[in-house]
Amino acid sequence: MRDVIIIGGGLAGLVNAIQLARSGLDVLLLEKNQYPFHKVCGEYVSHEVVPFMKSLGIYPLEMEPAQITRFQLTSTNGNQALLNLNLGGFGISRYAFDHYLLQKALDAGATVLQNASVEYVNYENDEFQVAWSGSGEGFSRLVIGAYGKRSKLDKGLDRGFISKRSPFIAVKYHIKTNLPLDLIALHNFRGGYCGIVKVEGETFNLCYLSRRENLKISGSISQMEEQILSQNPYLQTLFKESEFMFEKPLVINEVSFTPKNAVEDHILMSGDSAGLITPLCGNGMAMAIHSAKILSQLILRYYDPKGFPRYQLESEYAREWSSKFARRLWVGRATQNLFGSPWASNLGVGLFKYLKPVARKLVEQTHGGPF
Ligand SMILES: Cc1cc2nc3c(=O)[nH]c(=O)nc-3n(C[C@H](O)[C@H](O)[C@H](O)COP(=O)(O)OP(=O)(O)OC[C@H]3O[C@@H](n4cnc5c(N)ncnc54)[C@H](O)[C@@H]3O)c2cc1C
């Protein structure tokens, strides 16, 4: 019987694995893909994570992540505002970052199974049975659900958001282009927004969220980019003049921002499995890492002989998750309404241009402080 089985090896799963394995727990992490692999994500990490990552020795300094200090916002018709960021962030590809954290988890003594897609979790008599592809099976006292935005497991748990269709799709590329290295840009287009940021090497990330209708109207991703995204002159230039490095775009459907529960049927959810913040906030990854910090600390208390019982672990985690993140998610959802329409995106640009202190306050509302 394992101490902890972690489902999903993204940032939340890997950071939980590193902390728990380093503290001597018997940890099994199950990841359905094989590292390294690409993921749809804007790849801008808020600097709020840096003190914690440095304290664990897992800040990827040797990969020379791009340091981002300025923000550019453009409206659907190409009006722009620039803002110096108080906290800023770094750019790093998930291909490199997740793989780097995998090595740290293995060094810490965690067992990691790749190509292991979890199909079934059952809780009975104070223990979990977990089954994965290829007839794999394991038992544990605790299970962490770190399987991201959406999984077949959510269906089994009958989670509310899974039955509702989300109106959003997301698309990602890696490109070579000629842009400032210290800038994160968010370009509006009708029904969506597109982020660009430098990651490691000579690569930039280009990732956008769009209403599904855009794809329906246009017929294909490339026509949508030509007919709708390129109405913003900044995006037109980017799509015309950049070198696209993937053979085809990475696309995901059903990106849902509906609130979720941090604990479901005794499974402790970490990262996006507990709640996804709208990507324009640029700190879903920081939240995934922060949630792993909080959860691991509580799990270590649960395993301490003088610690607390399961019901207290679950209720303390749900309470802490909500107090740290629920408001940020709400502000993120509300702010997203300022994106993707001509008048609202021009209003947003006006705010960032002429009311910089108010704009900074808004950015702060979607971010936590360094932890
Ligand atoms: C379009 C878009 C742009 C974004 N841009 C940014 C940004 O710029 N900055 C930022 O901070 N955040 C951004 N985010 C959010 C960020 O990507 C997530 O918050 C972050 O990836 C959450 O990490 P996670 O570990 O919870 O989930 P993930 O990174 O999704 O990891 C989950 C893992 O679980 C695995 N898995 C799933 N199901 C199973 C299963 N059944 N069995 C085994 N393994 C399984 C998956 O393969 C995956 O590796 C963006 C999100 C979107 C949609």
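Start at R70 in strand β4: the bridge partner of R70 in β5 is N84. The model on screen is predicted.

**Stop 1: β4 and its two neighbours**

Select residues 66–74 for β4 and residues 80–91 for β5; the two strands run antiparallel and are joined by eight bridges. Five residues lie between the strands of this hairpin. Pick G78 and read its backbone torsion: phi is positive, near 95°.

Now add residues 183–189, which form β11. Here β4 is joined by five bridges, and β4 and β11 run parallel. To find the register, display T74 and look across to H187 of β11, which stands opposite. With side chains switched on along a strand, keep one point in mind: in a regular strand the side chains alternate between the two faces of the sheet.

**Stop 2: β1**

Select residues 2–7, strand β1, together with residues 136–145, strand β9. These pair in the parallel sense, over five bridges. V4 is a useful marker, since L142 of β9 stands opposite this residue.

Next, add residues 27–30 for strand β2, which runs parallel to β1 and is joined to that strand by four bridges. The marker pair for β1 and β2 is I7 with L30 opposite.

**Stop 3: α1 against α3**

Select residues 11–22 for α1 and residues 94–108 for α3. The two axes come within 8 Å and cross at roughly 20°. With an angle under 35 degrees counting as roughly parallel, α1 and α3 are therefore roughly parallel to each other. The crossing is left-handed.

Show side chains at the contact: α1 brings L11, L14, V15, A17, I18, A21 and R22, and these meet D98, L101, L102, K104, A105 and A108 of α3. By class, 10 of the contact residues are nonpolar, three are charged and none is polar.

**Stop 4: the ligand**

Which residues are closest to the ligand? Select G8, G10, G42, G271 and G284 to see them, then extend to the 39 residues that surround the ligand. By class, this shell holds 20 nonpolar, 14 polar and five charged residues.

Colour the shell by element. α1, β3 (44–46), β13 (204–211) and α8 (284–303) each supply at least two residues. Of the elements, α8 gives the most to the shell, with four residues.

**Stop 5: α8 against α9**

Keep α8 selected and add residues 310–336 for α9. The axes of α8 and α9 are 10 Å apart, and the packing angle is about 155°. Angles over 145 degrees count as roughly antiparallel. That makes α8 roughly antiparallel to α9. This crossing is right-handed.

On the α8 side, select M287, H290, S291, I294, L295, L298 and Y302; on the α9 side, L313, E316, Y317, E320, W321, K324 and F325. The contact divides into nine nonpolar, two polar and three charged residues.

**Stop 6: α9 against α11**

Finish by adding residues 356–366 for α11. The axes of α9 and α11 are 7 Å apart, and the helices pack at about 130°. α9 and α11 are therefore oblique to each other.

Display R328, V331, G332 and T335 from α9, with L362, Q365 and T366 from α11, which make the contact. By class, two of these residues are nonpolar, four are polar and one is charged.

Methods
Residues are numbered from 1 along each chain as its sequence is written. This is a predicted model: local features need pLDDT of at least 70, side-chain atom pairs count only at pLDDT 80 or more; totals for chains, interfaces and linings use all residues. Two strands pair if DSSP finds at least two bridges between them. Axes are lines fitted to C-alpha atoms, for helices over the stretch in contact, and angles run from 0 to 180 degrees between N-to-C directions. Angles under 35 degrees count as roughly parallel, over 145 as roughly antiparallel, 65 to 115 as roughly perpendicular and the rest as oblique. Two residues are in contact if their C-beta atoms, placed from the backbone, lie within 7 Å. Ala, Val, Leu, Ile, Met, Phe, Trp, Tyr, Cys and Pro count as nonpolar, Asp, Glu, Lys and Arg as charged, and the others, Gly among them, as polar. A residue is near a molecule or strand if its C-beta atom, placed from the backbone, lies within 6 Å of it. A crossing is left-handed if the near helix is turned anticlockwise from the far one by less than a right angle, and right-handed if clockwise.
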